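Reader: I am new to this structure and would be grateful for a close look at a single part of it, taken slowly. Please explain each term as you reach it.

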Amino acid sequence: MSEVPSMDEAVSSGQGAPPLVIDIRGATKVFNPGKSNQVEALDEIDLSVGPGEFITLIGPSGCGKSTLLRLVASLIPPSTGTVQVNAKPAEQARLDRDYGMAFQTAGLFDWRTVTKNIELPLELMGWSRGARRRRAAEMLELVKLSEFANHHPSELSGGMQQRVAIARALSFSPSLLLMDEPFGALDEMTREHMQDELLRIWKETETTVVFVTHSIPEAVYLSTQVVVMSPRPGGIASVIDVDLGDRNASTRDDPAFFTKVTEVRTALRKVEE
Amino acid sequence: MPSTDTMADTDDPLVREHRIKQQAAQEQRRDAVVRVVRQTVTFVVFLGLLAGLYTGYKAFGQAIDDRQHDWAVVGSVLPRTDDLNMPPVSEIFGQFGETPGGQDQIYVKILFDEALFTLREAFAGFMVGLVIGMAIALALAQWRRLEQGLLPYVIASQTIPLIAIAPIIVIWGRKNFDVFPWEWQDWMSVSVIATYLTFFPVAVNGLRGLQSPRPENKELMESYAASWSQTLWRLRLPASLPYLFAALKIAATASIVGAVVGEISAGVEGGLGRRILREAFNYTTGPDRLFASVLGAAVLGIFVFLVVTAVERLVVGNQTQESTT
C-alpha cells in the first residue's frame, strides 16, 4: 500500500508526460512596488512548455512578453509565484547555463571577430582553446557563415549578425533557446529567410524555443504553440496550437496557414478591447 | 579572405549582400592611404602658410615702421614687428643649428635632451594618472551613489590653479615623500603635477566608457552567469576603449603642459619648461631662442598625441563603428 504514491509519481513524471522544460506557476511581476511609478507588468502567469516545443509569445506592446521571457531567463525575479526551468528554479538554471539567449539587436561585441563572439560563452565556461575553436567552427557551419569566421561584426549585414548571435546562443548546446524579437529589426525578405534558417536549426539541434514577437504571420509560421498575451497587467489570454507540419515555401500560401493567422488575429483583437 | 569563385556560386542573399559590402571595405582601405598622404600634405602646407603669414605681416609692419613719421597713428596701433618682437622665421629655424655661448652642443640637440627630460616627467605622470583615473572611473561605475557624491569633488580639483599647487608639491616632495622605497627627486614632483592634469579626463571618459555597453549586452553576460571580473574584462573595459583613447589624447598633451608649467613654477632644472623660462629672461639678447624653445615644446605635444593615436590604431583598430543591429 505504501508503494502506491511512489508508483503514481513514477507514472506522472515518467513515460506518460515528459519532464517540462519551463514550468511557471502563479508568477506575477510588479516593478517599483509601493512607489508612485509602480507598474503591474505580469499577473498570475501559468505556463508550461514541454521539450522540443517552439512557443511564441505575442501580444500588444506593454503586455509583458519581454518581461515574461526575462523571468524565465532569471534576469529579473518574479514578485510572487515560481518559475522553474528544467525542473529547478530559474536562477539555478541560469547559473547552470541551461539556456541561450538572443535579443532584438544581435548584440555582438564589435571588438571580437565572428569566431571570438561565438566563443564568448565557452570562454566564460572555461572551455579549452582547441575545444572552443572546434565548436565555433561547427556552429558557423550550422548557420552557414563559415567563410566569415575572421570577420568583424561591423563587416556583416544585419541578418548575418543575427545568425552569429544565434550561433553564440546555441554554442554550448543549451536545451532552451530564448529569443526576444530577434528578427524585429530586419527587412521582410531577410526576415523570412531567417525564419526558415531558425526552423532548420531548431530541428537539427532539437532545442526548445521561446520566441517573443509582435508579428502574427511570424508567430504562426514558426511555432508549435502561440501564446496570446493581454496587456495591463500582462496575462495569458489564450494558447493556440499550431499544427502545420513541416514548413516550406508553400506553407505561407497554405489556406491552413491563413486560418491560423486569422485565429491569432481574432484572439489579439479580443485582448485589445 | 574567401576567393571570388566560392562566393560567386552562393545562392544565399545575405552572402551576396556581403560581397558588395566587402568591396566597399576594400575601397575604404585604399581611401585610408590616400587620406594619410593628404593629411600630411595639408599639414605641411598649413605650416608653410602660417610661416608665410607671419613673415608677410612682419614685412607689412616693417614697411609701416619705415614711414612711421607719415602714419603715426597706424604705426602705434599695430603691434611692433621689429626683429626683437618678431624674429624672422629663418632666424628661429636657424637657431636650431647654432651653438649658444658657453655650450658645446647645437641648440636642437640641447632642446632634444631637455624634451626627453620633460617627456620622462610627463610619461611617468601620465601613467600614474591613467591608473588613478581608471580606478576612480571603476569605483564610480560600480557604486552609483559614489558618482553623485564624489564627481563634484573630482571636477572641483581641476579648478585649483596649477601654479599654486606646483611649489607645494615640490616642497612636500623634498620633505615628506620619504615614505617611498626610492629616493624622491624633484622631477617626480613635476610628474605628480602631470598626473593631476591627466587623471581627470581619464576618470570622466573612462566612466562614460564603462557605462557604455547597451543593456542587452549586460543582460547577455548575466544570462551566461558571468562573474563581475569576467564582465569587466570581456565587456566593460573593451567597450570603454574608444572613450578612453579620446581622453588619453587630451591627457597626453595635458601631461606635457603639466610638466612644462610644473618645471617653471616648481623651479626644476633640466627640462623644456626651465629652458623656456631661461630664454624668456634672456629675451633681449636672443628672442629667436625663446621662439625656438616654444616650438620644441609644441613638437613634443604633437609627438605624444601621435603616439597615443598610433597605440589606439593598434589596440582598437577600426572596428569601433557601426554594428548596431
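Author: In chain A, strand 6 and strand 7 run side by side in the parallel sense, joined over four bridges, where strands are DSSP runs of E of at least two residues and helices are runs of H or I of at least four residues, both numbered from the N terminus, and where two strands count as paired if DSSP finds at least two bridges between them. Strands of a sheet pair through backbone hydrogen bonds, either parallel or antiparallel. Within this part of the chain, A:Ala102 stands opposite A:Met179 of strand 7 of chain A.

This is a predicted model, in which local features need pLDDT of at least 70 and side-chain atom pairs count only at pLDDT 80 or more, while totals for chains, interfaces and linings use all residues. Residues are numbered from 1 along each chain as its sequence is written, and chains are lettered from A and ligands numbered from 1 in the order in which they are written.

The two strands belong to an open sheet of six strands in chain A, with the order 6-7-8-3-9-10 and mixed pairing. Its edges are strand 6 (99–102) and strand 10 (235–241) of chain A, each of which pairs on one side only. On average, neighbouring strands of this sheet are turned by 20° against each other, direction ignored; for such angles, axes are lines fitted to C-alpha atoms, for helices over the stretch in contact, and the values run from 0 to 180 degrees between N-to-C directions. Helix 2 (residues 65–72) of chain A packs on the sheet and touches strand 3 (54–58), strand 7, strand 8 (208–213) and strand 9 (225–230) of chain A, its direction making about 155° with that of strand 8 of chain A. Helix 9 (residues 255–272) of chain A also packs on the sheet, touching strand 3, strand 9 and strand 10 of chain A, and its direction makes about 165° with that of strand 10 of chain A. Contact here requires that the C-beta atoms of two residues, placed from the backbone, lie within 7 Å.

Strand 7 also takes part in a meeting of domains, whose bounds come from an automatic or database domain assignment. Chain A is assigned domain 1 (21–98 + 176–273) and domain 2 (104–173), and their contact takes 18 residues from domain 1 and 12 residues from domain 2 of chain A. On the side of domain 1 that touches domain 2, strand 7 (176–180) and helix 7 (188–205) of chain A each supply at least two residues, and the largest share, eight residues, comes from helix 7 of chain A.

Strand 6 of chain A leads on to chain B, since the buried residues of helix 9 of chain B pack against helix 3 and strand 6 of chain A together with helix 10 (228–266) of chain B. In helix 9 (residues 215–223) of chain B, the buried residues are B:Leu220, B:Met221 and B:Ser223, buried meaning that 20 or more other C-beta atoms lie within 10 Å of a residue's own, whereas 12 or fewer make it exposed and a count in between partly exposed, with C-beta atoms placed from the backbone. They lie on the same side of helix 9 of chain B because they cover an arc of only 160° around the axis, the arc being that of the directions from the helix axis to the C-beta atoms. Just after this helix, B:Ala225 takes a positive phi of about 55°.
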